[in-house]
Amino acid sequence: MTTREITSEAELRELIGTPMPRAAAKDRRTLHERDREWLAASPFCLIATAGADGTCDVSPKGDPPGFALVLDDTTIAIPERPGNRRADGYRNVLANPHVGLIFLIPGRTDTLRINGRARLISDAPWFADMEVKGHRPVLAVEVAIEQIFYHCAKAFLRSELWQPETWQPDVLPTRARLIKEVEAPAESLADLERHYGPAYLETLYR
């Protein structure tokens, strides 16, 4: 059997069909009150970016529920916390401001999606509203909304993502052992286990 590649939208549509009218027309450009409530309840999102050359990145962002700050009906901001300092997504934003975001609420099988144009902000009056445990964000991603809509539940239902009886966190080695085996750092496994042990929680905001 040969591999058949899809190379045009016409071929794609022939294969998967066209969206139902309600799905095709559901995107909006401004926040509804229910969107604000969703953002206030969401502790986690994924931010997708692409560089000028088309290379892509998806970065997870998480904080207490409501961490995505609503600035007005068409603008939100997401704080940055201390991390690995790679800044892959942020370097992409500097070259190409288009971003896609998916906001999750644990246990919910639908998601809120926002697409728009981003810019990096190093300080603003609203940074005070993003403080967690006395720590201001080191920067924030401000997103001008161009498209917002709710995404259906099928992917979460198929994967049984929120069903605890399907969870297998120990199917792979610990974070420390994965790093030691895959990345081969100079640190010993014991040092890595200590780093990613209980003390790791103390580094979340510093």
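Let's start with the sheet. In this predicted model, seven strands come together in an open sheet, and their pairing is antiparallel. If you want to trace the sheet on the structure, the order to follow is β2-β1-β5-β6-β7-β4-β3. So which strands stand at the edges? They are β2, residues 56–62, and β3, residues 69–72. Each of these has a single partner strand, so one side of β2 and one side of β3 are left without a neighbour in the sheet. The sheet is also twisted in this sense: on average, and ignoring direction, neighbouring strands are turned by 35° against each other.

Let me zoom in on one pair. Strand β5 covers residues 98–104 and strand β6 covers residues 111–121; the two run antiparallel, and six bridges join them. If you'd like a spot to find on your screen, look for G100, whose bridge partner in β6 is N115.

Now, on to the pockets. Rolling a probe the size of a water molecule over the atoms shows where empty space is left. The largest pocket holds about 1,100 Å³ of space. It is lined by 35 residues, and the ones closest to its centre are E80, R81, P82, G83 and N84. Where does the lining come from? At least two residues each are supplied by β1 (44–50), β2, β4 (75–80), α4 (88–95) and β7 (139–151). Of these, β2 gives the most, with six residues. You'll remember β2 as one of the edge strands of the sheet. As for the chemistry, this lining divides into 17 nonpolar, eight polar and 10 charged residues.

The second largest pocket has about 230 Å³ of space. Its lining is a list I can read out to you: M20, R22, A23, K26, R113, F149, Y150, H151 and C152. Both α2, residues 21–24, and β7 supply at least two residues here, with β7 making the largest share at three residues. By class, we have five nonpolar, one polar and three charged residues in this lining. Notice that β7 turns up again: this strand also supplies at least two residues to the lining of the largest pocket.

Last stop, the helix α1, residues 9–16. Is it buried or exposed? Well, how many of its eight residues count as buried? The count is zero, and α1 is hardly covered. Right after α1 comes G17, and its phi is positive, near 85°.

That's my tour; thanks for listening, everyone!

Key
Residues numbered from 1 in each chain as written. Predicted model: local features only at pLDDT ≥ 70, side-chain atom pairs only at ≥ 80, totals over all residues. Heavy atoms only, no water. Pairing = 2+ DSSP bridges. Helix = DSSP H or I, 4+ residues; strand = E, 2+ residues; numbered from the N terminus. Axes fitted to C-alpha atoms, helices over the stretch in contact; angles between N-to-C directions. 1 Å grid on protein atoms, 1.4 Å probe; cavity = no way out; pocket = protein on both sides within 12 Å on 5 of 7 lines; lining within 4 Å. Points joined across faces, edges and corners; volume = space filled by probe spheres on them. Nonpolar A, V, L, I, M, F, W, Y, C, P; charged D, E, K, R; others polar. Buried < 20%, exposed > 50% of the residue type's maximum accessible area, 1.4 Å probe, protein only.
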